[in-house]
Amino acid sequence: RDEGRRVYERISTVCQRFLGLVVGDACYVVIDPRVPASVRRRVPFVLDAPDAAASLCIRQLAHKVYRHAAEPGKSGLFRRVAAWLAG
């Protein structure tokens, strides 16, 4: 969680400085020992271990992106994602 926060702060600073954008904190994916195990089996961890903590994080992010992308009046995927990241 702390590392995710630090990464977000760096990304936010760069976006503000160079792009003039204010971005929201989307989420983070926790370190989960089931992820490398799934990778070794060559199976996506969200399918191999759907109840794993990392899978839950990915599902939460997917719901946020989907909810925002489905809003009417916003055209184009890039604009929808940029608007979602802007807050």
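User: I would like to start at the surface. Which residues make the nonpolar surface patch, and what is its area?

Analyst: Val29, Val43, Val46, Leu47 and Ile58 make a nonpolar surface patch of about 370 Å². Keep in mind that this is a predicted model. One member to look at is Leu47, which lies in helix H3, residues 45-48. Leu47 has a relative accessible area of 63%, and the cut-off for exposed is over 50%, so Leu47 counts as exposed.

User: How much area does the protein chain expose, and what share do carbon and sulfur atoms supply?

Analyst: The protein chain exposes about 6700 Å². Carbon and sulfur atoms supply 61% of that area.

User: Let me step back to the fold. How many helices and strands are there?

Analyst: The protein chain has 5 helices and 0 strands. Reading along the sequence gives the pattern α-α-α-α-α. The chain has 87 residues, and 18% of them count as buried. For contacts, take those with a separation of 6 or more: residues 24 or more positions apart account for 37% of them.

User: How do I read a single helix? What span should H1 have, and how far apart are its end C-alpha atoms?

Analyst: The idea is to compare an expected span with the one in the model. At 1.5 Å a residue, the 18 residues of H1 should span 26 Å. The end C-alpha atoms of H1 are 25 Å apart, which agrees. Just after H1, Gly20 takes a positive phi of about 70°.

User: Which residues of H1 are buried?

Analyst: They are Tyr8, Ser12 and Cys15. Viewed down the axis of H1, these buried residues fall within an arc of 65°, so they line one face of the helix. On the other side of H1, the exposed residues are Asp2, Glu3, Arg10, Arg17 and Phe18.

User: Ser12 caught my eye. Is Ser12 buried or exposed?

Analyst: Buried residues are those under 20% relative accessible area. Ser12 comes out at 8%, so it counts as buried. Leaving aside residues up to four places away in sequence, Ser12 touches Leu21 and Val23.

User: And Ser38: where does it lie, and what does it touch?

Analyst: Ser38 lies in helix H2, residues 34-40. With a relative accessible area of 0%, Ser38 is buried. Again setting aside residues up to four places away in sequence, Ser38 touches Val43, Pro44, Phe45 and Asp48.

User: Now the charged pairs. How many salt bridges does the structure hold?

Analyst: The structure holds 4 salt bridges. A good habit is to ask, for each pair, how the partners are placed along the chain. Take Glu9 and Arg5, whose closest N and O atoms are 3.8 Å apart. These two are 4 residues apart in helix H1 (residues 2-19), so about one helical turn separates them. Glu9 is partly exposed at 41% relative accessible area, and Arg5 is partly exposed at 40%.

User: Which parts of the chain does the pair of Asp51 and Arg34 link?

Analyst: The side chains of Asp51 and Arg34 meet in a salt bridge at 3.1 Å, N to O. That pair links distant parts of the chain: Asp51 is in the loop between H3 and helix H4 (53-69), while Arg34 is in helix H2, 17 residues apart. Asp51 is exposed, with 59% relative accessible area, whereas Arg34 counts as partly exposed at 35%.

User: What partner does Asp48 have?

Analyst: Asp48 forms a salt bridge with Arg41, and the closest N and O atoms are 2.3 Å apart. At 28% relative accessibility, Asp48 counts as partly exposed. Elsewhere, salt bridges that share partners join Arg5, Glu9 and Asp25 into one network.

User: One last residue: where is Ala52, and which residues does it touch?

Analyst: Ala52 is in the loop between H3 and H4. Its relative accessibility is 4%, so Ala52 counts as buried. Not counting residues up to four places away in sequence, Ala52 touches Asp32 and Arg34. You can also compare sequence with space here: Ala52 and Val30 are 22 residues apart along the chain, and their C-alpha atoms are separated by 9.8 Å.

Key
Residues are numbered from 1 along each chain as its sequence is written. This is a predicted model: local features need pLDDT of at least 70, side-chain atom pairs count only at pLDDT 80 or more; totals for chains, interfaces and linings use all residues. Side-chain values use heavy atoms; hydrogens and water are left out. Buried means under 20% relative accessible area, exposed over 50%, partly exposed in between (1.4 Å probe, protein chains only). Contact means heavy atoms within 4.5 Å. Accessible areas come from the Shrake-Rupley method with a 1.4 Å probe; for residues, only the protein chains shown count as cover. Patches are made of residues with over 30% relative accessible area and no salt bridge: like charges are joined within 9 Å, nonpolar side chains (Val, Leu, Ile, Met, Phe, Trp, Tyr) within 5 Å. The expected span of a helix is 1.5 Å times one less than its number of residues. The arc is that of the directions from the helix axis to the C-beta atoms.
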